[in-house]
Amino acid sequence: MCFEYRTRGNKNGGQLEAWRAENRSRVFPRPSFQGIPSLLFGPLEFINNDMANVVFLWHMHQPYYVNPLTKTAMMPWVRLHCVKGYLDMISLIEDFPTIRLNFNLTPVLLQQIEEIVTGQVTDLWLERSRKPAAELDETERVALLEDFFKVNWANLLKPEPRYAALLAQRGENVGRGELPRIARRFSTQDFLDLQVWFNLAWCGYTARRRFPELAALRKKGRDFTEPEKARLLDIHLEIMKAVPLVYRAAEERGQVELTTTPYFHPILPLVYDSAFAERSLPGREFPRRFHWPQDAEAQLTLAIETHERIFGRRPRGMWPSEGSIAPEMIPMMRRAGIEYFCSDEENLFKSIHRDPAYAQTKIDHLELFQAWRIRYDGAAVNGIFRDRPLSDFIGFTAAQNDPENAARVMIGHLGHIADLVPAQHGLIPLILDGENAWEHFRDGGEAFLRALYGGIAADPVRLHSSTMETYCRDHPPVRSLTTLHTGSWIGSNFDIWIGEAEENRAWDLLGAAREFLQQEIDAKRLHPPQKDEALREIYAAEGSDWFWWYGPDFSTGNDTLFDELFRQHLKNVYLLCDATPPPELDVPIRGYTPPVYLLPQSPISPRLGDSKEPTTPWRHAGTYLPGCEQGTMVRADHLAQKFWFGCDATRLYLRLDLTQPAYTTPFSLVLTVTTPGQTQPVTARTALICKPGLHTFTIHAPATSKPLRRSTLSLGKSVQWGLALSDLGIAPGTQFTIQLQILCDEIERERYPERSAIPLGA
């Protein structure tokens, strides 16, 4: 079975031929850009179908950062996303009354907002911000130097001269052990300015417009006062308190629909039965079976109750945590009153592949662009599956390009899909993270979103924005499935959360605590409040976020904190039952964190294009694995699986091992080389790479009047690129850094490394 996009004929016989003759000249080449394959080979005829329904679902979630013993939120991201993305996203649509959106606010996020604004929980970083700078002790001063530069440097820090100067004063690459010494160089005013700038930089464009004090502080720039700082932090809490209210108001006026997620953001199929993981990961080593269907049901019930209490209406739709689904979830959703769920397109195609109703059928990829009726064990709900390339373009790529151009490309693709999908029930589902992408835009994403929403509103003939509830009501599914695939939106499996040593250890500890608690419950040794509190600790530990950071897949600067919080939730289960926690809960689960890249072990001199021994000449090269820097956001379709680099006395050598042949996704490369004291970098840019053989590239150096043209780049099974150090202006013994960009249609698709350049020496 294969999946393909095909033109859908929507006119019959002579009428179709007459229409084609009339519109013969209206032929549009299909644009192709980073991460989005062409839907057709060749030009696409413009067919004036009825409009397609464009549905956005913006997912907003933060894990439970609260230390249950101290009632302290150990991280500030709930508050900081409130004053930035959460407020910006809901406020922006007020300027687009015809646009309809769907938002997914997780219950555990809403709980933390409520706990912080009501004072039930203390925000540690807010308290460190409030404390007068003159009263900070050494530990607090070190903590500020470590934590209060955790913003996007390119867009939120370096454009602000005072904030950038404070970073320079601390240093961009310093170890924690150096901070006590560095702290002694900071004055009280320096620390006060740092407290203000960290919290001010996170304020989004809506907050800056609605609170004139913020604009005044940015204009002042430095030498802030304690009262000015206090007002800034009060504004943060005012915004936090308002966020749930403005989302509720937007739903009440009919412009948005609010959906939910299981309460503590668990991978619901794994809570129901961890053995489900083997369906999509056969042969892997897994933990002892964790099988608690009643917990899965409770996570869903608690979510719906909380959603209704805060927003005044029960949710109709659900984004299962990480798009994780299994057929056994369908009856549970139906019992809870969930009418539809969302997941990833790959899960749809795998489901179709397994369904007997579609055996021996060539499935049109356009089947994605509609809702499906999913049936299992006598129950049925609707399923909507995200268009991955378009969704990922917004989340990962748009910020790297001109916002107007990025929006124009999006609108072009939406329009072309609208020309292809069934007029009766055409649907374009754009489902993605609604919070973490915006700090990567220079303006917080405002220009891009305005152009995108405006472009949709300006094309009512083909595009219609809709809530998912309205779409499902007006367009009941005409296709159904009885064999729903088991998997998540990442890789269509549960590899991120189970199957690695650390992940399995965490599941085993969770399982032991759950079994212990059930024994206490069955023996009737717990009072009802005691039982409820202990179960809530279990539900918190079942959250997916702990397992996200275990194993080799992802890493953050706070891995140790996440590990401690997870184990503390499990310890509390025992403590609430008046028992001593087992000693293994004192042992960290999180082990060694691999570096982002490995530097070369020694000089290398590979022969470019050598396919006989492709690896041996590179065995001492440095390496970088695309995707290893993934944090809260992840993409699955990298063009390269490994990036190699190294040099000898005269040349720099680069190699890209591709995940697919270049002709399937033609691309160009831009290498940026920087040396100390250089005001402008040297760049090497290739032409489009798609055919095997030698390719030319151009070197642009500030010191030379004319670009240099070279042809020492070879494409075979990998891209191998040699550059003379002299062409790059690098003298023997000079230190330099490199960073590689991959472009598709002149739009940046990927960057290696993502955050900082690789240091090398000639």
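Biologist: Which residues are linked with Asp344 in a network of salt bridges?

Modeller: In this predicted model, the network of salt bridges takes in Asp344, Glu346, Lys350, Arg386, Arg388 and Asp392. The structure as a whole holds 54 salt bridges.

Biologist: What makes the contact of Arg209 and Glu446 a salt bridge?

Modeller: The name requires a side-chain nitrogen of Lys or Arg within 4 Å of a carboxyl oxygen of Asp or Glu. Between the side chains of Arg209 and Glu446, the distance from N to O is 2.7 Å, and the pair therefore meets the definition. Arg209 belongs to helix H10 (residues 205–210) and Glu446 to helix H19 (residues 446–457), so the salt bridge ties together parts that are 237 residues apart in sequence.

Biologist: Why can such side chains pair at all?

Modeller: Side chains that carry opposite charge can pair when their charged atoms come close.

Biologist: How do you know whether Arg209 counts as buried or exposed?

Modeller: A residue is exposed when its relative accessible area is over 50%. Arg209 has 54% relative accessibility, so the term exposed applies to Arg209. Its partner Glu446 has 10%, and because buried means under 20%, Glu446 counts as buried.

Biologist: Which residue forms a salt bridge with Arg284?

Modeller: Arg284 forms a salt bridge with Asp495, and their closest N and O atoms are 2.7 Å apart. Arg284 lies in the loop between helix H13 (268–272) and helix H14 (293–311), and Asp495 in the loop between strand S17 (479–481) and helix H21 (501–522), so parts that are 211 residues apart in sequence are tied together. Asp495, at 18%, is buried, whereas Arg284, at 27%, is partly exposed.

Biologist: Why is Arg314 called partly exposed?

Modeller: The term covers values between the limits of 20% and 50%. Arg314 has 40% relative accessibility, so Arg314 counts as partly exposed. Glu308, at 33%, is partly exposed as well. Arg314 and Glu308 form a salt bridge, with their closest N and O atoms 3.5 Å apart.

Biologist: What is the order of the five strands in the open sheet?

Modeller: The order is S10-S11-S14-S13-S17, and the pairing is mixed. Strand S10 (317–318) and S17 are edge strands, as each pairs on one side only.

Biologist: How many bridges join S10 to strand S11?

Modeller: Two bridges join S10 to strand S11 (residues 340–344), and the strands run parallel. Pairing needs at least two bridges, so S10 and S11 count as paired. Met318 has Phe341 in S11 as its bridge partner.

Biologist: In which sense do strand S27 and S29 pair?

Modeller: Strand S27 (residues 735–744) pairs with S29 in the antiparallel sense, over four bridges. Thr737 has Pro759 in S29 as its bridge partner. Along strand S29 (residues 758–761), Ile758 and Leu760 point to one face and are buried, while Pro759 and Gly761 point to the other and are not.

Biologist: How many Å does helix H12 reach from its first C-alpha to its last?

Modeller: Helix H12 (residues 226–252) reaches 40 Å, close to the 39 Å expected for its 27 residues. A kink of about 35 degrees lies at Ala242 in H12, shortly before Pro244. The buried residues of H12 include Leu232, Ile239 and Pro244. Gly254, with a positive phi near 90 degrees, follows H12.

Definitions and conventions: Residues numbered from 1 in each chain as written. Predicted model: local features only at pLDDT ≥ 70, side-chain atom pairs only at ≥ 80, totals over all residues. Heavy atoms only, no water. Buried < 20%, exposed > 50% of the residue type's maximum accessible area, 1.4 Å probe, protein only. Expected span 1.5 Å × (residues − 1). Bend = angle between axes of the 7 residues up to and from the residue.
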